[in-house]
Amino acid sequence: MVPLTEKFLAAIAGWPVVFEARKIRAAGKVKAARYEPPLLKGAVRAGSRLFASGLRIISPTDIENICSCRASQVEGDGMICPHSVAVALEVIHGDPQTNPPAAPKTF
């Protein structure tokens, strides 16, 4: 499991994206966030749209942005959008009651 930290997010997305994601989160636009490795998923409000956002984090160098925003879908090119980073920030800094950790798997 790859631990989520702001330093990791900056390394994969860049500080400008983290800065924009902080603004999104501070505005209360992250509506859902959950990290059940390898899948980080959530929802982000952008105007009248609600984006399904997140990341598939296989390893520190194998990451897929899975946001439904235009930048992710059309411009792609491996870029990680601020919506997905905002979801990650919500998991990192959010209320533990609304973002409980994933239950350990039992075999």
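**Exercise 1. Which residue of strand 2 is the bridge partner of Val30?**

Let's walk through it, keeping in mind that this is a predicted model.

- Step 1: Find the two strands. Strand 1 covers residues 30-36 and strand 2 covers residues 39-46.
- Step 2: Check how they run. Strand 1 and strand 2 are antiparallel and are joined by six bridges.
- Step 3: Look across from Val30. Its bridge partner in strand 2 is Val44.
- Step 4: See how the chain gets from one strand to the other. A hairpin with two residues links strand 1 to strand 2.

**Exercise 2. Work out what is unusual about the peptide bond between Pro37 and Pro38.**

- Step 1: Place the residue. Pro38 sits in the loop between strand 1 and strand 2.
- Step 2: Recall the usual case. Most peptide bonds are trans.
- Step 3: Now read the angle. Omega is about 10° for the bond joining Pro37 and Pro38, and this bond is cis.

**Exercise 3. Put the sheet together, strand by strand.**

- Step 1: Start with the order. Four strands make an open sheet, arranged 1-2-3-4, with antiparallel pairing.
- Step 2: Pick out the edges. Strand 1 and strand 4 each pair on one side only, so they are the edge strands, going by the rule that two strands pair if there are at least two bridges between them.
- Step 3: Add the twist. From one strand to the next, it averages 15°.
- Step 4: Go from strand 2 to strand 3. Eight bridges connect this antiparallel pair. You can spot Arg45 with its partner Leu50 in strand 3, and Leu40 with its partner Leu55 in strand 3.
- Step 5: Look at the turn here. Strand 2 and strand 3 form a hairpin with two residues between them, and Gly47 in the turn has a positive phi of about 65°.
- Step 6: Finish with strand 4. Strand 3 and strand 4 pair antiparallel over four bridges, and Arg56 has Glu64 of strand 4 as its bridge partner. Two residues make up the hairpin connection from strand 3 to strand 4.
- Step 7: Lay a helix over it. Helix 4 lies across strand 1, strand 2, strand 3 and strand 4, and runs at about 110° to strand 2.

What holds such pairs together? Strands of a sheet pair through backbone hydrogen bonds.

**Exercise 4. Decide how helix 1 and helix 2 are oriented to each other, and say which residues make the contact.**

- Step 1: Get the angle. Helix 1 (residues 6-13) and helix 2 (residues 15-26) pack at about 125°, and their axes are 7 Å apart.
- Step 2: Name the arrangement. Angles of 65 to 115 degrees count as roughly perpendicular and those over 145 as roughly antiparallel. The two helices are therefore oblique to each other.
- Step 3: List the contact. Helix 1 brings Glu6, Leu9, Ala10 and Ala13, while helix 2 brings Trp15, Val17, Val18 and Arg22.
- Step 4: Sort those residues. Six are nonpolar, none is polar and two are charged.
- Step 5: Look at what comes after helix 1. Gly14 follows, with a positive phi near 100°.

**Exercise 5. Follow Glu6 through the fold.**

- Step 1: Locate it. Glu6 is in helix 1.
- Step 2: Is Glu6 buried or exposed? Glu6 is one of the buried residues of helix 1, along with Phe8, Leu9, Ala10 and Ala13.
- Step 3: Ask what covers these buried residues. The cover includes helix 2, strand 3, strand 4 and helix 4.
- Step 4: List the contacts of Glu6. Beyond its neighbours within four places in sequence, they are Trp15, Val18, Arg22, Leu89, Ile92 and His93.
- Step 5: Find the polar contact. The side chains of Glu6 and His93 are joined at 2.6 Å.

**Exercise 6. Describe the surroundings of Lys29.**

- Step 1: Place it. Lys29 belongs to the loop between helix 2 and strand 1.
- Step 2: Judge its exposure. The relative accessible area of Lys29 is 36%. Buried means under 20% and exposed means over 50%, so Lys29 counts as partly exposed.
- Step 3: Check what it touches. Not counting residues up to four places away in sequence, Lys29 touches Ile24, Ala43, Val44 and Arg45.
- Step 4: Look further along the chain. Ala86 is 57 residues away in sequence, and its C-alpha atom is 8.7 Å from that of Lys29.

Notes: Residues are numbered from 1 along each chain as its sequence is written. This is a predicted model: local features need pLDDT of at least 70, side-chain atom pairs count only at pLDDT 80 or more; totals for chains, interfaces and linings use all residues. Side-chain values use heavy atoms; hydrogens and water are left out. Axes are lines fitted to C-alpha atoms, for helices over the stretch in contact, and angles run from 0 to 180 degrees between N-to-C directions. Angles under 35 degrees count as roughly parallel, over 145 as roughly antiparallel, 65 to 115 as roughly perpendicular and the rest as oblique. Contact means heavy atoms within 4.5 Å. Ala, Val, Leu, Ile, Met, Phe, Trp, Tyr, Cys and Pro count as nonpolar, Asp, Glu, Lys and Arg as charged, and the others, Gly among them, as polar. A polar contact is a pair of N or O atoms within 3.5 Å; within protein, one must be able to donate a hydrogen and the other to accept it, and residues adjacent in sequence count only if both atoms are side-chain atoms. Buried means under 20% relative accessible area, exposed over 50%, partly exposed in between (1.4 Å probe, protein chains only).
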